[in-house]
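Let us walk through the strands of this model. Keep the sequence and the coordinates side by side.

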Amino acid sequence: MRIRYFFMILILTAAAAWGQITAVNGASFLPGKPVSPGAFATIFGEGLCANTAVGQWIALGELPTTLADCSVRVDGIPAMLSFVSPAQVNFIVPSETATGTAQFVITSGASTATGSVVVGRASPGIFSTNGLGMGEGAILHGTAWHRGPFSVTTDGQPTPVTIFLTGVDLSTKPVVTIGGVPVDPMFWGIAPGYAGLQQINVMLPATLAGVGRVPVVVTSGDQVSNVTYITLLPTTMMMTGMPNWVPGKAVKENSKRDREVSFMAINPVNNTLLVTDEDDDSVRVISLETGKTIATIALPEGSEPRHIAVNDAGTLAAVSLSEKASVALIDLAGGANQVVSVSSSGVHPSYLAFAGTNLLATYGGSSLVAVIDTTTRAVTRTVQVGFGPAGIAVAGNQAVVANMQAGSLSIIDLTTWLVTTVELPDGVRPQAVAIAGTNAIVTSPMNNAFFLVDLGTRQVTRVEIEANAKGPGAVAVYNNLVFVANQTSASVTAFNASTGAVVKTFAVDPGPRALAVNAARNQLLVLCEGTGTIAVVDLASYAVINRLDAGETLKEETWTLPAATSITPSSAAVGETVLMVIAGTNLKLVKSVEFQMASGNTGQGQGHGRMRDDDAIKVSNIQVNDAGTSLSATVQVLGTATPGIRQVRLETEQTEVAAGTFTVK
């Protein structure tokens with residue numbers, strides 16, 4: 001039953017709706033890619049089906065072809081349906097569909113909507129547990145059937161894992177890559193009893209022990225899947241002798257740890273290091289003088305903080321809260337170390353970069369970069385980039401964004417906000433980026449490669465590295481040197497930023513996931529997720545001269561956020577007044593309800609316009625029940641309002657949280 005429920009979650013969840021009728025792979029949502037016969041696909045649009053309904057399996061491998069009076073035909077062939085709604089339809093491409101351009105027709109009552117999609121033999125898409133086509137992959141232990149993290153051995157034998165996906169051409173063996181390491185499939189085929197859902201079974205190789213959170217990619221035919229992630233634990237031998245390890249203790253196989261460090265940022269103003277912990281939902285402040293944790297900052301429960309950035313003045317830090325669709329701002333001035341704001345502006349915040357008083361945040365579950373004014377703590381603009389943006393770097397008047405899922409770079413002019421796209425070689429999935437002089441350095445751990453991109457000519461040059469340097473991810477720049485963390489091979493490569501010539505590759509602890517330079521001491525700091533340590537590397541000798549405990553403390557307080565589960569009604573006409581009811585949790589914290597739209601964007605709420613409160617919608621008489629689970633308010637849509645979609649935001653004394661959308665008709 002648990003596995004069946006897991007499968008249903010996979011095929012029902014999806015990314016945000018698109019602005020036109022578009023059909024994409026039902027797991028990856030990669031735009032511009034083909035779908036394939038027998039695979040799950042998703043149609044996004046408006047007014048697709050009149051009702052919302054979930055399809056139930058009516059027999060082994062069989063879903064209904066009509067659901068809530070809605071149906072889909074592909075080249076005239078009825079398609080099985082797993083979900084229908086006005087904005088999204090999930091279906092299985094009929095196995096008889098020929099390759100080439102296919103026409104699909106959605107019929108809902110007397111209404112129809114049409115579109116076209118390219119059908120290919122292969123269109124691999126890995127399902128993710130958050131339904132966004134990125135983040136943690138839908139990967140289960142092959143015998144215990146639980147989610148990760150995973151050890152590379154179970155009871156002394158290699159650990160089997162099963163990857164759930166769709167769109168693989170089953171006539172040929174797919175290629176599976178974990179952290180840049182090819183892993184040979186033992187089985188690939190249809191998940192028993194589930195049409196459209198496929199699985200690949202692999203054994204985890206011993207060489208992947210302790211690598212931490214690394215990317216998983218599947219290639220079938222000439223098509224490369226979306227990027228999802230798996231977390232792999234260290235062995236007891238790897239932990240022995242580390243500053244955070246108790247002698248005689250053993251690593252518990254396939255078990256979540258109470259500390260899972262992920263990223264860090266140095267604050268040279270007060271010589272401290274800030275480290276995020278995905279499991280503890282906290283930020284630790286470590287003194288680089290003593291090597292000890294001097295503060296542990298609590299973040300919202302279940303937020304899984306990842307990337308962190310510090311402004312040039314050393315007075316403010318920003319943290320991406322990947323599972324709360326939010327960014328936290330932390331006051332560092334005078335050692336305050338206090339969260340001052342948690343604001344939401346997009347799906348799955350990934351990487352952050354300061355640009356003066358602005359903070360740029362990539363949102364990996366969309367195609368957006370949010371611009372946050374750190375003075376007002378409000379999102380002032382969203383910028384359209386490639387699909388699935390990850391790493392971002394700022395230098396002067398430019399920002400460079402690594403579009404992981406799209407396989408491209410976006411170069412943003414921070415004055416005009418115009419965007420230039422640079423395509424990377426086929427199959428490249430860029431993760432991190434830095435800027436050194438006139439070059440951008442881009443890493444692609446799935447391809448064991450990194451690239452120099454000339455920001456003037458846009459020329460892309462691949463940098464050749466040693467064959468045993470696997471999974472290049474995090475990147476840092478110091479003078480004319482660039483450092484790249486090889487997460488899968490526990491090493492760091494230093495190369496010349498101008499020529500691309502490799503200077504040195506040196507060993508560090510398992511799972512190097514983040515880098516920072518302590519210029520005052522000529523040191524490189526390497527955050528090693530596998531061991532939960534920070535390796536201190538002397539840049540004169542490239543030797544590890546010290547290790548710091550990155551998980552020395554656990555937070556002692558909780559941090560809660562209001563959360564909305566539904567908004568009723570979700571629309572109103574111009575000139576209408578309605579009683580809005582928002583259901584959720586912790587709603588007692590809410591002080592006001594705001595409706596935001598993008599200036600010059602006719603109410604659509606995304607694009608290049610600045611986000612602003614809509615003065616044509618007035619909110620009054622806010623009341624919350626004693627349990628904090630229901631908020632009611634009078635919402636008046638003035639006659640001056642323009643039709644379109646607004647973002648509903650709940651504001652507290654310290655936070656601003658997205659609650660959903662509201663449509664003015």
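What follows takes two sheets in turn.

This is a predicted model: local features need pLDDT of at least 70, side-chain atom pairs count only at pLDDT 80 or more, and totals for chains, interfaces and linings use all residues. Residues are numbered from 1 along each chain as its sequence is written, and side-chain values use heavy atoms, with hydrogens and water left out.

Start with the open sheet of four strands, β23-β24-β25-β26 in that order. Strands here are DSSP runs of E, at least two residues, numbered from the N terminus. Two of them pair if DSSP finds at least two bridges between them. The pairing in this sheet is antiparallel. At its edges lie β23 (261-267) and β26 (293-298), and each pairs on one side only. From one strand to the next, the twist averages 20°. Such angles are taken between N-to-C directions, run from 0 to 180 degrees, and use axes fitted as lines to C-alpha atoms.

Now look inside that sheet. Strand β24 spans residues 272-277 and strand β25 spans residues 282-287. They run antiparallel, joined by six bridges. Leu274 faces Val285 of β25 across the pairing.

Move on to the sheet β47-β48-β49-β50. It is open, has four strands and pairs in the antiparallel sense. Why does one side of β47 and of β50 lack a neighbour in the sheet? Both β47 (512-518) and β50 (543-549) stand at the edges with a single partner strand each, so one side of each is left free of a neighbour there. Neighbouring strands of this sheet are turned by 25° against each other on average, with direction ignored.

One pairing reaches that edge. Strand β49 (residues 533-538) pairs with β50 over six bridges, in the antiparallel sense. Ala535 stands opposite Arg547 in β50.
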